[in-house]
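Biologist: Hi! Could you walk me through this one? I have a handful of quick questions.

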Protein chains: 2
Amino acid sequence: MNAQSKSELDAAFAALADPTRRAILARLASGEATVLELARPFAMSQPAISKHLQVLERAGLISVGREAQRRPRRLEARPLAGATAWLEQYRQFWERRFQRLDVVLAGMKTKQKKRTRINSI
Amino acid sequence: MNAQSKSELDAAFAALADPTRRAILARLASGEATVLELARPFAMSQPAISKHLQVLERAGLISVGREAQRRPRRLEARPLAGATAWLEQYRQFWERRFQRLDVVLAGMKTKQKKRTRINSI
């Protein structure tokens, strides 16, 4: 991994570390929107939303459309794909860990059943 | 999504926004390690590494083993799974976007070939 994609990942993960910014991305996944449209569902001033949008834009997660009046924001694919790819490396790790936990829990349930049966005899 | 898992995601993404911390997680994916073992590959003091470990621990991404002397760090599955699940919602979005880009690029190549053929006649 080169230095550029390292700092791209830094910026993407840092931008994702906020619930308002994640909600903005969720909204933009269903289509582009203006700052006003994005601010509406949040109990936040437009400058506060604009700050969040700046963070997202700097991370490359959103871009600004060319329509001079509306300047709609749109979701960008690349940093999302990069962050997903990084986390994807660990899927095997946590899936294995959860499977082991499932085995332990299944074992506990079997023991519990046996105990219940013995107690009811 | 409840408030707890929201702040869990905040902490996980914030912790992932640093190349040293991501490298520490990558190392721990292959097995638990002490602070000394983790510090070795980095040109960093032990206190600097310890600070990174604290951030990872607070985010639940690592835990500290019980062996009093070694206190080995191990990777934890849950926050990684949570962050992956959040990003996974956007897979369709960026896969579609990349497919569209592929179609555009394929179209450009076809045009290029035609032009080359016309020029060579």
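Biologist: Which residues make the nonpolar surface patch?

Modeller: Phe98(A), Leu101(A), Val104(A), Leu105(A) and Met108(A) make that patch, and it covers about 460 Å². Keep in mind that this is a predicted model.

Biologist: Let's take Val104(A). Where is Val104(A) found, and how does Val104(A) count for accessibility?

Modeller: Val104(A) is found in helix H6 of chain A. Val104(A) counts as partly exposed because its relative accessibility is 47%, and the partly exposed class runs between 20% and 50%.

Biologist: Thanks! And charge: which residues gather in a patch of positive charge on the surface?

Modeller: That patch brings together Lys109(A), Lys111(A), Lys113(A), Lys114(A), Arg115(A) and Arg117(A). One of them, Lys114(A), lies in helix H6 of chain A, which spans residues 91-120. Val104(A) from the nonpolar patch is in helix H6 of chain A too.

Biologist: Changing topic to salt bridges. How many are there over all chains?

Modeller: The count comes to 14 salt bridges over all chains.

Biologist: Pick one that crosses between chains for me. What does Arg91(B) pair with in chain A?

Modeller: Arg91(B) forms a salt bridge with Glu88(A), and their closest N and O atoms are 3.2 Å apart. This pair crosses from helix H6 (residues 91-120) of chain B to helix H5 (residues 77-88) of chain A.

Biologist: Are those two buried or partly exposed?

Modeller: Arg91(B) is partly exposed, because its relative accessibility is 22%. Glu88(A) also counts as partly exposed, with a relative accessible area of 26%. The buried class is for values under 20%, so Arg91(B) at 22% falls outside it.

Biologist: Back to Arg91(B). Which salt bridge does Arg91(B) form with a Glu88 of chain B, and what is the N to O distance?

Modeller: The side chains of Arg91(B) and Glu88(B) meet in a salt bridge at 2.5 Å, N to O. Glu88(B) is partly exposed, with a relative accessible area of 26%.

Biologist: And how far apart are the closest N and O atoms of Arg91(B) and Glu95(B)?

Modeller: They are 3.5 Å apart, and that pair forms a salt bridge. Both residues lie in helix H6 of chain B, four residues apart, or about one turn of the helix. Glu95(B) is partly exposed at 34% relative accessibility.

Biologist: Nice. What residues are linked in the network of salt bridges?

Modeller: The network links Glu88(A), Arg91(A) and Glu95(A) with Glu88(B), Arg91(B) and Glu95(B). The pair of Arg91(B) and Glu88(A) is a salt bridge between the chains.

Biologist: On to backbone angles. What is the phi of Arg71(A)?

Modeller: Arg71(A) has a positive phi of about 40 degrees, although Arg71(A) is not a glycine. Its place is the loop between strand E1 (62-64) and strand E2 (73-75) of chain A. Arg71(A) is partly exposed, with 42% relative accessibility.

Biologist: And Arg71(B), what phi does that one have?

Modeller: Arg71(B) has a positive phi of about 40 degrees, again without being a glycine. Arg71(B) sits in the loop between strand E1 (62-64) and strand E2 (73-75) of chain B, and is partly exposed with a relative accessible area of 42%.

Biologist: I'd like to hear about a histidine. Which helix holds His52(B), and why does His52(B) count as buried?

Modeller: His52(B) lies in helix H4 (residues 46-58) of chain B. His52(B) counts as buried because its relative accessibility is 13%, and the cut-off is under 20%.

Biologist: What is His52(B) in contact with, leaving aside neighbours within four places in sequence?

Modeller: Those contacts of His52(B) are Asp18(B), Thr20(B), Arg21(B), Ile24(B) and Met44(B).

Biologist: Last two. Where does Ala11(B) lie, and how far apart are the C-alpha atoms of Ala11(B) and Arg58(B)?

Modeller: Ala11(B) lies in helix H1 (residues 3-16) of chain B. Its C-alpha atom is separated by 7.6 Å from that of Arg58(B), although the two are 47 residues apart along the chain. Ala11(B) is partly exposed, with a relative accessible area of 28%.

Biologist: And Trp86(A), buried or exposed?

Modeller: Trp86(A) counts as buried, at 7% relative accessibility. Its place is in helix H5 of chain A. Trp86(A) and Pro19(A) are 21 Å apart in space, C-alpha to C-alpha, and 67 residues apart in sequence.

Note on methods. Residues are numbered from 1 along each chain as its sequence is written. Chains are lettered from A and ligands numbered from 1 in the order in which they are written. This is a predicted model: local features need pLDDT of at least 70, side-chain atom pairs count only at pLDDT 80 or more; totals for chains, interfaces and linings use all residues. Side-chain values use heavy atoms; hydrogens and water are left out. Helices (H or I, at least four residues) and strands (E, at least two) are DSSP runs, numbered from the N terminus. Buried means under 20% relative accessible area, exposed over 50%, partly exposed in between (1.4 Å probe, protein chains only). Contact means heavy atoms within 4.5 Å. Patches are made of residues with over 30% relative accessible area and no salt bridge: like charges are joined within 9 Å, nonpolar side chains (Val, Leu, Ile, Met, Phe, Trp, Tyr) within 5 Å. Accessible areas come from the Shrake-Rupley method with a 1.4 Å probe; for residues, only the protein chains shown count as cover. A salt bridge is a side-chain nitrogen of Lys or Arg within 4 Å of a carboxyl oxygen of Asp or Glu. Lys and Arg count as positive and Asp and Glu as negative; His and the chain ends are not counted. The place of a charge is taken as NZ of Lys, CZ of Arg, CG of Asp or CD of Glu.
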